[in-house]
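Trainee: Could you walk me through reading a model like this one, feature by feature?

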Amino acid sequence: MRSRRRPARTTGTLPPEGSAAAAGRSHTLPVRQWPISLVLAVAGLGVAVTWFGDFKVGLLVLGGSLLLAAVLRLALPEVGMLAVRSRFTDVGVLAFLGGAVVLLTLVAQPDPWLHLGVVDDIGRLVGRPRR
């Protein structure tokens, strides 16, 4: 009868491309992982601005942090913990989500900073009068 025990160590799973630390082992962890540290710092700034200041500006900073992550993942050969899947998948997902946050922030009511006709059409469909 064959044993059904799990292996003690997972084999055959490779880390994502570019997942090595961005700086050498002689540096502290936040410095070695500076790309994700930078993205998290910008995202934290966006949350703070959203909480204590202007809602739309804070959300633009949050969306910008996702776009920054996409640019870093695309441009740098090694990004450490910023690498989750393949480079193509990471850049695509981060750029899509960052662009969506920025676009939705720009068209958010009241007083949108960007006026799109399709948003007004959707507003009329749900009963909001056109301005």
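Mentor: Gladly; we will go from the overall fold to the core, one helix, a surface patch and a loop residue. Keep in mind that this is a predicted model.

Trainee: Let's begin with the fold. How many helices and strands does the protein chain have?

Mentor: Five helices and zero strands, so the pattern along the sequence reads α-α-α-α-α. For contacts, look at sequence separation: among those in the protein chain with a separation of 6 or more, 56% join residues 24 or more positions apart.

Trainee: What percentage of the residues count as buried?

Mentor: Of the 131 residues in the protein chain, 24% do. On the outside, the chain exposes about 9500 Å², with 68% of that supplied by carbon and sulfur atoms.

Trainee: Which residues make up the largest nonpolar core?

Mentor: There are nine: Ile 36, Val 39, Ala 69, Ala 70, Leu 72, Val 79, Leu 82, Ala 83 and Leu 94. Helix H2 (34–52) and helix H3 (55–75) are the elements that give two or more residues to this core, and the largest share, three residues, is from H3. Leu 72 is a good place to zoom in: leaving out residues up to four places away in sequence, Leu 72 touches Trp 34, Pro 35, Leu 38, Val 39, Val 79 and Leu 82.

Trainee: How should I read a helix such as H3?

Mentor: Start with the general idea: an α-helix has 3.6 residues a turn, so residues three or four places apart point the same way. Then check the length: H3 has 21 residues and spans 30 Å from first to last C-alpha, close to the 30 Å expected. Next, list what is buried: in H3 these are Lys 56, Gly 58, Gly 63, Ser 65, Ala 69, Ala 70, Leu 72 and Arg 73.

Trainee: Which helices do the buried residues of H3 pack against?

Mentor: They pack against H2 and H4.

Trainee: And which residues make the nonpolar surface patch?

Mentor: Leu 103, Leu 114, Leu 116, Val 118 and Ile 122 make a patch of about 390 Å². One of them, Leu 103, sits in helix H4 and counts as partly exposed because its relative accessibility is 41%, between the 20% and 50% cut-offs.

Trainee: Last, the backbone. Where does Asp 111 lie?

Mentor: In the loop between helix H4 (87–106) and helix H5 (117–125). Look at phi there: for Asp 111 the angle is near 55 degrees, a positive value in a residue other than glycine.

Trainee: Is Asp 111 buried or exposed?

Mentor: Asp 111 counts as exposed, because its relative accessibility is 54%.

Conventions. Residues are numbered from 1 along each chain as its sequence is written. This is a predicted model: local features need pLDDT of at least 70, side-chain atom pairs count only at pLDDT 80 or more; totals for chains, interfaces and linings use all residues. Side-chain values use heavy atoms; hydrogens and water are left out. Helices (H or I, at least four residues) and strands (E, at least two) are DSSP runs, numbered from the N terminus. Buried means under 20% relative accessible area, exposed over 50%, partly exposed in between (1.4 Å probe, protein chains only). Contact means heavy atoms within 4.5 Å. Accessible areas come from the Shrake-Rupley method with a 1.4 Å probe; for residues, only the protein chains shown count as cover. A nonpolar core is a set of buried Ala, Val, Leu, Ile, Met, Phe, Trp, Tyr and Cys residues joined through side-chain atoms within 4.5 Å. Patches are made of residues with over 30% relative accessible area and no salt bridge: like charges are joined within 9 Å, nonpolar side chains (Val, Leu, Ile, Met, Phe, Trp, Tyr) within 5 Å. A salt bridge is a side-chain nitrogen of Lys or Arg within 4 Å of a carboxyl oxygen of Asp or Glu. The expected span of a helix is 1.5 Å times one less than its number of residues.
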